[in-house]
Amino acid sequence: MLITHRTYDHFSTEIYKNFRIINIDTSLLSLDDNDIGQLSVFFPELAKLEIEKDDKINIVIMHHGVEFLRPEDGRKFQHWLADNHVNMVFCGHNHAVGMQILTEAIAEEDGPQNGIPQFTCGAALSDSYARPSFYICEYTNAGELNVKLYEYPAFFRGHQRVGTPEYLAMMRLRKIWAEGSFSVLKQEHCISRIRKRGILAATEECLLAAMALNLKRMAKCHLSLSPNLLFC
């Protein structure tokens, strides 16, 4: 990857402080919006993941929830989660904000109530499909998990206006303000491709391009208001 300097792996683990992040690509067999109950993650790369039994908190991140896997694969995958001491799963895709307990994902000595929680996130935008939201999760010193769900009220209120004359007017303005700006940045300021490497450098390049665009707009505005400025 040009920005992170890393090669993408469909199945990988990454340790950050006391957490082990387990990345699982559920989209390898995904074709369309009718994928529920049709996917699988049982590839050789999954079996090769080395997850040590230690005191780190294991978190699985994947795009689709377990319910999108084939029924038998879903049960096997939940057993895999339990065998590898996974503490929680985060997913998205369907944007149905909430949490469910994976009751098949239990250790031999535990009961169904001790299954692994799967948290489904919402989205950053509000429309007829998504509820904009995010989770904040904290582990206490006693090992308890506190999860808080936050929704964006302003975005949710915007969702209520979908289809109204006010909404349609704002969408027309968005095409001018947002889409037009992106087009100019790509055509005149070379943002169709980021040339710097690293998050900070790429951010700097985008900010400089946006600054140049705003300066051009400011100059154009001043000249339209005071044509005599051109001769100053």
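Buried means under 20% relative accessible area, exposed over 50%, and partly exposed in between, with a 1.4 Å probe and protein chains only. By that cut-off, 28% of the 232 residues in the chain are buried.

This is a predicted model: local features need pLDDT of at least 70, side-chain atom pairs count only at pLDDT 80 or more, and totals for chains, interfaces and linings use all residues. Residues are numbered from 1 along each chain as its sequence is written, and side-chain values use heavy atoms, with hydrogens and water left out.

**Stop 1: the whole chain**

Show the cartoon. The chain holds 5 helices and 8 strands. Helices (H or I, at least four residues) and strands (E, at least two) are DSSP runs, numbered from the N terminus. Along the sequence the pattern reads β-β-α-β-α-β-β-β-β-β-α-α-α.

Switch to contacts, meaning heavy atoms within 4.5 Å. Among those between residues at least 6 apart in sequence, 60% join residues at least 24 apart.

Now the surface. About 15900 Å² is exposed, and carbon and sulfur atoms supply 57% of it. Accessible areas come from the Shrake-Rupley method with a 1.4 Å probe; for residues, only the protein chains shown count as cover.

**Stop 2: the sheet**

Select the strands of the open sheet. Its 6 strands run in the order β1-β2-β3-β4-β6-β5, with mixed pairing. β1 and β5 stand at the edges with a single partner strand each, so one side of each has no neighbour in the sheet. Neighbouring strands are turned by 20° against each other on average, direction ignored. Two strands count as paired if DSSP finds at least two bridges between them.

**Stop 3: the β1 edge**

Select residues 11-16, strand β1, and find S12 there. β1 pairs with β2 (residues 19-24) in the antiparallel sense over 6 bridges. Which residue of β2 is the bridge partner of S12? The partner is N23. S12 is also in contact with I21, I22, N23 and L49, leaving aside neighbours within four places in sequence. S12 counts as buried because its relative accessibility is 15%.

**Stop 4: strand β6**

Select residues 116-120. Strand β6 is mostly covered, with 5 of its 5 residues buried. I116, Q118 and T120 point one way, P117 and F119 the other.

Add the two partners. β4 (residues 88-91) pairs with β6 in the parallel sense over 3 bridges; here F90 is matched with F119. β5 (residues 98-102) pairs with β6 in the antiparallel sense over 5 bridges; here Q100 is matched with Q118.

**Stop 5: helix α2**

Select residues 71-83. Helix α2 lies across β2, β3 (57-62), β4, β5 and β6, and runs at about 160° to β2. Axes are lines fitted to C-alpha atoms, for helices over the stretch in contact, and angles run from 0 to 180 degrees between N-to-C directions.

**Stop 6: helix α4 and the loop after it**

Select residues 165-188, helix α4, and pick out W177. Is W177 buried or exposed? At 52% relative accessibility, W177 counts as exposed. Add M170, L173 and I176: with W177 they form a nonpolar surface patch of about 420 Å² accessible area together. Patch residues have over 30% relative accessible area and no salt bridge; like charges are joined within 9 Å, nonpolar side chains (Val, Leu, Ile, Met, Phe, Trp, Tyr) within 5 Å. A salt bridge is a side-chain nitrogen of Lys or Arg within 4 Å of a carboxyl oxygen of Asp or Glu.

Finish at H189, in the loop between α4 and α5 (199-225). H189 is buried, at 18% relative accessible area. H189 touches V184, A209, A212, L213 and K216, not counting residues up to four places away in sequence.
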